[in-house]
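Good morning, and thank you for coming. Please look at the sequence and the structure on the screen while I take you through the main features.

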Amino acid sequence: MIRVEHLSKVFRSRRGNTLALEEIDLTVGDGEFVCLVGPSGCGKSTLLNVIAGLEKPDAGRVLLDGKPITGPGFERSVMFQEAALFPWLTVRKNVEFGLELAHWPKAEWKERIERYLRMVHLWRFRDAYVHEISGGMKQRVALARALAPQPRVLLMDEPFAALDAQTRDVLHNEVQELWRQSKHTVVFVTHNVREAVRLGDRVVLMGSRPGCIKEDVKIDLARPRDTESDVARYVARIMKVLRGEVEKVIREEIDDAWELAPQGRVPPGSAGGMGDGI
Ligand SMILES: Nc1ncnc2c1ncn2[C@@H]1O[C@H](COP(=O)(O)OP(=O)(O)OP(=O)(O)O)[C@@H](O)[C@H]1O
Ligand SMILES: [Mg+2]
């Protein structure tokens, strides 16, 4: 179980200090799939990075099974928007690298690599180089690499944001299926509320800077989630709060000459497209 307790994080730079997170409290149960959504700059990545042990908090702490997280660990795998694969290695070798890093016994590498590449339907491409495969395939290799060392926690920061809607849809199904089989604990950051409602047991909505938790919505829908109307109902509810937060950010960032559209609607092309993918 992950427990985030009174977590605050300040970034200090020459231009001044930024309070990125303020007094965050969050619990993620064993095997739970929690999605974090919120406007740009509200601290989603910062929170994920603190859980990953890549950033240190200024106040508060994060506990994994009661023990404070002080740095990265093999029981937590992280996946980012860019697959961060090694282009000079083949698909198979990229997954192998994950096992090597985690000091997984060498005798088991072959079997595990095959198992996880089959899970993400890429076994046929095992000897391809990274530049020979598509963006969606790269993220599936990254997923196989993250899961092969059997982490307890999978931390994902907008892993599908750079993909087209159809590929993303396929990957949602794969992630749901993989999670159903393995029951990892997942913390998944996304801008896309529809994605969050489709995947999450809970959608945690963060408010604009300094990052805080606005709402924690339990998604009471059976899986696999393909009933569009049910998903849409949750999406509408969460979007209502999120829009207000996005507007706060825009008001802070825009110059004086720019005005928000009437009735509190965010103009097209801004962060308002969060409902169904930007
Ligand atoms: N290394 C850093 N140095 C200074 N400020 C930082 C640093 N990293 C993040 N910040 C600031 O902290 C705040 C939170 O950033 P963070 O990247 O966590 O937001 P986010 O919610 O992930 O945004 P996005 O949705 O755009 O990815 C922002 O104001 C950002 O400018
Ligand atoms: Mg981010």
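I begin with a definition: a pocket is an open set of grid points with protein on both sides within 12 Å along at least five of seven lines. Please also keep in mind that the model shown here is predicted.

With that term in hand, how much space lies in the largest pocket? The value is about 540 Å³. Its lining consists of 22 residues, and those nearest the centre of the pocket are Arg-76, Ser-77, Val-78, Leu-101 and Arg-145. Three elements give two or more residues to this lining: strand 6, at 76-79, helix 2, at 91-101, and helix 4, at 135-147. Strand 6 provides the largest share, with 4 residues. Sorted by class, the lining of the largest pocket holds 16 nonpolar residues, 3 polar ones and 3 charged ones.

I turn now to the cavities. A search of the whole structure returns 2 cavities of 30 Å³ or more. The volume of the largest cavity is about 60 Å³. Which elements give two or more residues to the lining of this largest cavity? They are helix 4, strand 7, covering 153-157, and helix 5, covering 165-182. Helix 5 gives the largest share, 3 residues. Among the lining residues you will find Phe-33, Leu-143, Met-156, Trp-179 and His-184. By class, the lining of the largest cavity comprises 9 nonpolar residues and 1 polar residue, with no charged residue.

Next comes the ligand. There are 14 residues around ligand 1, and Ser-40, Gly-41, Lys-44, Thr-46 and Arg-209 come nearest. Several contacts deserve a look on the screen. The side chain of Lys-44 has an N or O atom 2.7 Å from an oxygen atom of ligand 1. At Gly-41, a polar backbone atom is 2.8 Å from an oxygen atom of the ligand. For Cys-42, a backbone N or O atom lies 3.2 Å from an oxygen atom of ligand 1. How much of ligand 1 does the protein bury? Taken alone, ligand 1 exposes 630 Å², and the protein buries 65% of that.

The shell around ligand 1 draws at least two residues from each of strand 2, at 16-28, and helix 1, at 44-52. Helix 1 gives the most, with 3 residues. The shell divides into 4 nonpolar, 7 polar and 3 charged residues.

Let me finish with the strands. In general, strands of a sheet pair through backbone hydrogen bonds, in either a parallel or an antiparallel manner. Here, 4 strands form an open sheet in the order 2-1-4-5, with antiparallel pairing. Strand 2 and strand 5, the latter at 67-68, stand at the edges with a single partner strand each, so one side of each has no neighbour in the sheet. Within this sheet, strand 1, residues 2-13, is joined to strand 4, residues 59-64, by 5 bridges. You can locate this pairing on the screen by finding Arg-3, which stands opposite Leu-63 in strand 4.

A further antiparallel pair is made by strand 9, residues 202-207, and strand 10, residues 212-218, which are joined by 6 bridges. How many residues lie between the two strands of this hairpin? There are 4 residues between strand 9 and strand 10. In this hairpin, Met-206 stands opposite Ile-213 in strand 10.

Thank you for your attention.

Definitions and conventions:
Residues numbered from 1 in each chain as written. Chains lettered and ligands numbered in written order. Predicted model: local features only at pLDDT ≥ 70, side-chain atom pairs only at ≥ 80, totals over all residues. Heavy atoms only, no water. Pairing = 2+ DSSP bridges. Near = heavy atom within 4 Å. Polar contact = N/O pair within 3.5 Å; in protein donor to acceptor, adjacent residues only side chain to side chain. Areas by Shrake-Rupley, 256 points an atom, 1.4 Å probe, with all protein chains shown as cover. Nonpolar A, V, L, I, M, F, W, Y, C, P; charged D, E, K, R; others polar. 1 Å grid on protein atoms, 1.4 Å probe; cavity = no way out; pocket = protein on both sides within 12 Å on 5 of 7 lines; lining within 4 Å. Points joined across faces, edges and corners; volume = space filled by probe spheres on them.
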